[in-house]
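Hi everyone, thanks for making room for me today. I'd like to walk you through one structure and a few of its side chains, so let me put it up on the screen.

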Amino acid sequence: MNYHLFQIVNAAAGRSDLVDDVFEWSAVWLIYVLVATAAVPVLARLRRGRAALVRVVVSLGLAFAVGQAVAALSTEVRPFQTHPVHQLIPHAAGASLPSDHATAAFAVAFAVGAFLSRRWGVALSVLATIIGFARVWTGVHYPGDILAGALIAATAVATIGVVARAYDGRTSRRLDTTA
């Protein structure tokens, strides 16, 4: 099924230079736009405290660490290594699962949504989805690689959210007993 979905998306590549150019740019550069855009709610929130920023950064770090562990255990190679594809951007051979771009993009988007601003989180999630789709379009990832990155990101953000709530609850109980 993963390869079949890949074929559906990647088969459309190479038909229109303009469309290919948009997805090539998105696959490589949109992640930088996403991070720069995420800076807006981060900077707005800094005045009120740094706890949310720490949660965003730790979520990204956890997602990246888990993604690297999954990649080390994965035997899934990139589509262009085993199948004829329309590969539109250069990429080294190696582990395909999960997509680092998708993991990072979704981790930032979900963390901003969870800890800073739902509205900004939704907008960043749209950008992360475009990045993921572009990585498939350009022939360097399977759809499952993108989904795995999104799931790793969601799990990392949820884990940090649970830990943060426990920490906040413990801290507020400690403050209540000292007051």
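Before I point at anything, one working rule: I call two rings of Phe, Tyr or Trp a pair if their centres lie within 6.5 Å, taking the six-membered ring for Trp. With that in hand, look at Tyr3, Phe6 and Tyr142, which form one aromatic cluster. And please keep in mind that this is a predicted model.

Let me step back for the overall picture. The protein has 7 helices and 0 strands, so if you read the elements from the N terminus on, you get α-α-α-α-α-α-α. The C-alpha atoms fill a box of roughly 70 × 35 × 25 Å along the principal axes. There are 179 residues, and 40% of them count as buried. If you take the contacts between residues at least 6 apart in sequence, 80% of those join residues at least 24 apart.

Now back to the start of the chain. Which residues of helix α1, residues 2-10, are buried? They are Phe6, Val9 and Asn10. These cover an arc of only 85° around the axis, and therefore they sit on the same side of α1. Phe6 you have already met, as a member of the cluster with Tyr3 and Tyr142.

Staying with aromatics for a moment. A pair of aromatic rings is described by the distance of the centres and the angle of the planes. How many aromatic pairs does a search of the whole structure find? The search gives 7. One of them is Trp29 with Tyr32, a tilted pair at 5.6 Å centre to centre, with 40° between the planes. Both residues lie in helix α2, which covers residues 17-46, and they are 3 residues apart, about one turn of the helix. Trp29 has 46% relative accessibility, so we count this residue as partly exposed. Tyr32 comes out at 53%, and therefore counts as exposed.

Another pair is Phe106 with Phe110, also described as tilted, at 5.4 Å centre to centre and 40° between the planes. These two belong to helix α5, residues 100-115, and are 4 residues apart, again about one turn of the helix. Is Phe106 buried or exposed? Phe106 is buried, because its relative accessibility is 7%. Its partner Phe110 is partly exposed, with a relative accessible area of 25%.

Next, a charged residue that I think you'll enjoy. Asp20 is in helix α2. Asp20 is buried yet has no salt bridge, and the nearest side chain of opposite charge, Arg15, is 8.7 Å away. What does the side chain of Asp20 make a polar contact with? The partner is the side chain of Trp137, at 3.0 Å. Leaving out residues up to four places away in sequence, Asp20 touches Ala13, Gly14, Arg15, Leu88 and Trp137.

There is a second buried aspartate to show you. Asp145 lies in helix α7, residues 143-178, and it is buried, with a relative accessible area of 1%. Its side chain makes a polar contact of 3.1 Å with the side chain of His141. Where is His141? His141 is in the loop between α6, residues 118-137, and α7. At 1% relative accessibility, His141 also counts as buried. Beyond four places in sequence, His141 touches several residues, including Phe6, Arg78, Ser96, Pro98 and Arg135. Under the same exclusion, Asp145 is in contact with Glu76, Ser96, Leu97, Pro98 and Ser99.

Leu97 and Pro98 deserve a closer look. A cis peptide bond joins these two, with omega at about -10°. Pro98 lies in the loop between α4 and α5.

Last stop: Phe80, in helix α4, residues 79-82. Setting aside residues up to four places away in sequence, Phe80 touches Val85, Gln87, His91, Ala92, Ala93, Gly139 and Val140. For a sense of scale, Phe80 and Ser26 are 54 residues apart in sequence and 19 Å apart in space, C-alpha to C-alpha. Asp145 and Phe64 are 81 residues apart in sequence, and 14 Å separates their C-alpha atoms.

That's my tour. Thanks for listening, and I'm happy to take questions!

How values were computed. Residues are numbered from 1 along each chain as its sequence is written. Side-chain values use heavy atoms; hydrogens and water are left out. Rings of Phe, Tyr and Trp (its six-membered ring) pair if their centres lie within 6.5 Å; planes under 30 degrees apart count as stacked, over 60 as edge-to-face and the rest as tilted. Buried means under 20% relative accessible area, exposed over 50%, partly exposed in between (1.4 Å probe, protein chains only). Lys and Arg count as positive and Asp and Glu as negative; His and the chain ends are not counted. A salt bridge is a side-chain nitrogen of Lys or Arg within 4 Å of a carboxyl oxygen of Asp or Glu. A polar contact is a pair of N or O atoms within 3.5 Å; within protein, one must be able to donate a hydrogen and the other to accept it, and residues adjacent in sequence count only if both atoms are side-chain atoms. Contact means heavy atoms within 4.5 Å. The arc is that of the directions from the helix axis to the C-beta atoms.
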